[in-house]
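Me: I'm new to this structure and would like a close look at one part of it. Could you take me through it slowly, starting from a single residue?

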Amino acid sequence: MSSRLASPGVLTAGAATFSVLAWASAFVSIRSAGAAYSPGALALGRLLAASLVLFALVAIRREGLPPRGAWRGIIVSGVVWFGGYMVALNWGERLVDAGTAALLVNVGPILMALLAARLLGEALPPRLLAGMGVSFGGAVVVGLSTSSGHEGGTSVLGVVLCLLAAMAYATGVVAQKPALAYGTPLQVTAYSCLVGTVACLPFAGQLATELPDAPTSATLNMLYLGVVPTALAFTTWTYALARMPASRLGATTYAVPAIVVLLSWAFLDEVPAWLTLLGGALCLTGVAVSRSRPRAPRASAAASAPAVRPAESGPEPAPADAQ
């Protein structure tokens, strides 16, 4: 029993599950901490806390610098995902609720597949294109529903920022995948986080100004974001990413919006409107279409093949025996 629990498949699934749960909680914590911290300051504080934890783990495990081949992916992932994603998402969540933000960011797996097709030469089947269209329609519905609940076009800006965060997330994963062929998951995560921290240093003045006046709860949420959803969850994500395809791992994040809606209802008293939920359902439906495969015809052909062959070959031995 213990060997099954320690098997690579179970460990990979457990790492992916932890990342999904931690990232779902991050949407709620960002919404809470964002009331006291500006988007850039919150991103920098989160990354500073994460870097401290990650490099403590690097020192404990005595892992040195990543090999040269990993640095390109580390730099791109650090700037775009750890830096750009977090700033865009923090800003977006000031304008839309946590559940809506999670639904929009969940378009990321489709964008990830498109980038993989463009940059890594992977196939782009028609079902993926159809799913992308359905998900884009869902994003439009979410944007219309949120714009009706805010003044002017600020919520439209929030939707755009969340979609930019989804693009940054997809770009970061695609860039990070090749880096894991050279460096360990902890190395790739730690140094990507460090690159993201350096990229966010222009917000240091804002963080220094806002930190003394911020309530303790907001600061604790910022530290939580750095330790759990960043330092730990990004490490477990890279662990799983090193052991399975990026598109397949991206499918595990489809559960994030549902978890976020429950958490935001429990802790923030936020429940998206029915039109927002409809748009989110369209986003997830598009993702499901893009991931589906036409297996039924193959299965029926395989099932019928054994029945035909004995019938055709059955009469042949009889004349041989007669002779």
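Does Pro 66 count as buried or exposed, and why?

Reply: Happy to. Keep in mind that this is a predicted model, so everything here is computed from it.

Pro 66 counts as buried, because its relative accessibility is 5% and the cut-off for buried is under 20%. You'll find Pro 66 in the loop between α3 and α4, the latter being residues 71-92. What does Pro 66 touch, leaving out residues up to four places away in sequence? The list is Trp 71, Ile 74, Gln 187 and Tyr 191. Take Gln 187 from that list: Pro 66 and Gln 187 are 121 residues apart in sequence, yet their C-alpha atoms are 6.0 Å apart in space.

Let's stay in that loop a little longer. Arg 62 also lies between α3 and α4. Its backbone has a quirk: Arg 62 is not a glycine, but it has a positive phi of about 55°. Arg 62 is exposed, because its relative accessible area is 79% and exposed means over 50%.

On either side of Arg 62 in the numbering, there's a pair to look at. Glu 63 forms a salt bridge with Arg 61, and their closest N and O atoms are 3.0 Å apart. The structure holds 1 salt bridge, so this pair is a good thing to pick out on screen. The two partners sit differently with respect to the surface: Glu 63 is buried, with a relative accessible area of 15%, whereas Arg 61 counts as exposed at 58%.Arg 61 leads us into helix α3, because Arg 61 is one of the α3 residues that meet α9. Helix α3 covers residues 39-61 and helix α9 covers residues 185-199. The two pack at an angle of about 145°, with their axes 9 Å apart. As for the handedness, α3 passes α9 in a left-handed crossing.

Which residues meet there? On the α3 side they include Leu 44, Leu 47, Leu 48, Ala 50, Ser 51 and Leu 54, and Phe 55, Leu 57 and Val 58 are also among them. On the α9 side, look for residues including Leu 186, Thr 189, Ala 190, Tyr 191, Cys 193, Leu 194, Gly 196 and Thr 197. The residues of this contact divide into 13 nonpolar, 4 polar and 1 charged. You've met Tyr 191 already, as one of the residues that Pro 66 touches.

Now follow Gly 196 from α9 to another helix. Gly 83, which lies in helix α4, touches Gly 78, Gly 196 and Cys 200, not counting residues up to four places away in sequence. Gly 83 is buried, with a relative accessible area of 4%. Gly 83 and Leu 201 are 118 residues apart in sequence and 10.0 Å apart in space, C-alpha to C-alpha.

Ala 50 and Cys 193, both in the α3 and α9 contact, point to one more residue. Thr 230, found in helix α11 (residues 216-241), touches Ala 50 and Cys 193, along with Arg 46, Phe 82, Met 86, Leu 225 and Thr 235, again not counting residues up to four places away in sequence. Thr 230 counts as buried, at 0% relative accessibility. Thr 230 and Phe 82 are 148 residues apart in sequence, and 8.7 Å apart in space from C-alpha to C-alpha.

Finally, here is the wider setting. The protein chain has 16 helices and 0 strands. Of its 323 residues, 47% count as buried. Contacts across long stretches of sequence, like those of Pro 66 with Gln 187, fit a broader figure: residues 24 or more positions apart account for 89% of the contacts with a separation of 6 or more. The accessible surface of the chain comes to about 15,500 Å², and 68% of that belongs to carbon and sulfur atoms.

Technical notes: Residues are numbered from 1 along each chain as its sequence is written. This is a predicted model: local features need pLDDT of at least 70, side-chain atom pairs count only at pLDDT 80 or more; totals for chains, interfaces and linings use all residues. Side-chain values use heavy atoms; hydrogens and water are left out. Axes are lines fitted to C-alpha atoms, for helices over the stretch in contact, and angles run from 0 to 180 degrees between N-to-C directions. Helices (H or I, at least four residues) and strands (E, at least two) are DSSP runs, numbered from the N terminus. A crossing is left-handed if the near helix is turned anticlockwise from the far one by less than a right angle, and right-handed if clockwise. Contact means heavy atoms within 4.5 Å. Ala, Val, Leu, Ile, Met, Phe, Trp, Tyr, Cys and Pro count as nonpolar, Asp, Glu, Lys and Arg as charged, and the others, Gly among them, as polar. Buried means under 20% relative accessible area, exposed over 50%, partly exposed in between (1.4 Å probe, protein chains only). Accessible areas come from the Shrake-Rupley method with a 1.4 Å probe; for residues, only the protein chains shown count as cover. A salt bridge is a side-chain nitrogen of Lys or Arg within 4 Å of a carboxyl oxygen of Asp or Glu.
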